[in-house]
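Q: Please take a close look at the sheet in this model, strand by strand, and then at what packs against it. A plain account will do.

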Amino acid sequence: MRIETIISILIAALVAASLPAMAQRPALPPTAEDGAPISSLTAAEISQSLEQLGVKAELTRASNNDPVLRVQLVASRPTAVRLSNCRGERCAGIYLSTSAPKRADGPTLAQVNRWNSDKRWSRSYIAASGEAVLESELLLAEGVSRASVRVLLERHREQIAEWLKELGY
């Protein structure tokens, strides 16, 4: 018997032996705070989540009348929390956008590309205006926990400082 065949048989046996254990592993239960999955939120509900993080929000409206919350997640940079896919006041998408001003020495595409290759929670680009932009988003339509929304907000706030440092601000 060839060595490749023996290795294949051993790998198959190991995978088969581990399947029952993997199948029996219970899913993490929702916490009392999470409750049932949510598929939409209002601007007031997002404002409440932001207040729990110690952040005050100012409600404005996009040109299509979707809610936009203006916040300061970090002291030096304003962030827009745009709600999208709205039906009435309930919205199924959350999009966070933070920008940094254009500078003569950057940021460079190499810096932005490095960020995008190393990070998974957010993405960055250089806008047509020359400003660097950091954005994160979460689609609620299929149902997420309230904890997922909280993590989106917290993680975007954490990544702003990292992003600014990465881009040399």
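A: The model is a predicted one. To begin with one pair of strands, β1 and β2 run antiparallel and are joined by 4 bridges. Within this pairing, T60 has V68 of β2 as its bridge partner. The hairpin of β1 and β2 has 5 residues between the strands, and N65 takes a positive phi near 80° there.

On to the next pair: β2 and β3 are paired in the antiparallel sense through 5 bridges. Here R70 has A80 of β3 as its bridge partner. The hairpin that connects β2 to β3 does so through 2 residues. As for burial, β2 is largely enclosed by the rest of the structure, because 6 of its 8 residues are buried.

β3 and β4 also run antiparallel, with 8 bridges between them. One bridge pairs C86 with C91, the latter in β4.

These pairs belong to an open sheet of 6 strands, in the order β1-β2-β3-β4-β6-β5 and with antiparallel pairing. The edges are taken by β1 (58–61) and β5; each has a single partner strand, so one side of each is left without a neighbour in the sheet. On average, neighbouring strands are turned by 30° against each other, direction ignored. In general, the strands of a sheet pair through backbone hydrogen bonds.

Next, the helices that touch the sheet. α2 packs on the sheet, where it touches β1, β2, β3 and β4, and its direction makes about 5° with that of β2. α3 lies across β5 and β6 and runs at about 165° to β5. The buried residues of α3 are Q111, V112 and W115. Seen down the helix axis, these buried residues fall within an arc of 95°, so they line one face of α3. Their cover includes β5 (123–126), β6 and α4.

α4 covers residues 146–166, which makes 21 residues. At 1.5 Å a residue the helix should span 30 Å, and its end C-alpha atoms are 30 Å apart, so the two values agree. Buried residues of α4 include A147, V149, L152, L153 and H156. Further along α4, Q159, I160, W163 and L164 are buried too. Just after α4, G168 takes a positive phi of about 85°.

Strands and helices come together in the largest nonpolar core, which has 31 residues. Those with the most contacts inside this core are I46, L50, I94, V149 and W163. Two or more residues each come from α2 (43–52), β2 (67–74), β3 (77–87), β4 (90–100), α3 (109–118), β6 (132–139) and α4. The largest share, 6 residues, is given by α4.

I46 shows how these parts meet. Leaving aside neighbours within four places in sequence, I46 is in contact with L41, L69, V81, L83, I94 and V149.

Last, a loop residue. T42 is placed in the loop between α1 (3–24) and α2. With a relative accessible area of 16%, T42 is buried. Apart from neighbours within four places in sequence, T42 is in contact with L83, E89 and R90.

Technical notes:
Residues are numbered from 1 along each chain as its sequence is written. This is a predicted model: local features need pLDDT of at least 70, side-chain atom pairs count only at pLDDT 80 or more; totals for chains, interfaces and linings use all residues. Side-chain values use heavy atoms; hydrogens and water are left out. The expected span of a helix is 1.5 Å times one less than its number of residues. Buried means under 20% relative accessible area, exposed over 50%, partly exposed in between (1.4 Å probe, protein chains only). A nonpolar core is a set of buried Ala, Val, Leu, Ile, Met, Phe, Trp, Tyr and Cys residues joined through side-chain atoms within 4.5 Å. Contact means heavy atoms within 4.5 Å. The arc is that of the directions from the helix axis to the C-beta atoms. Two strands pair if DSSP finds at least two bridges between them. Axes are lines fitted to C-alpha atoms, for helices over the stretch in contact, and angles run from 0 to 180 degrees between N-to-C directions.
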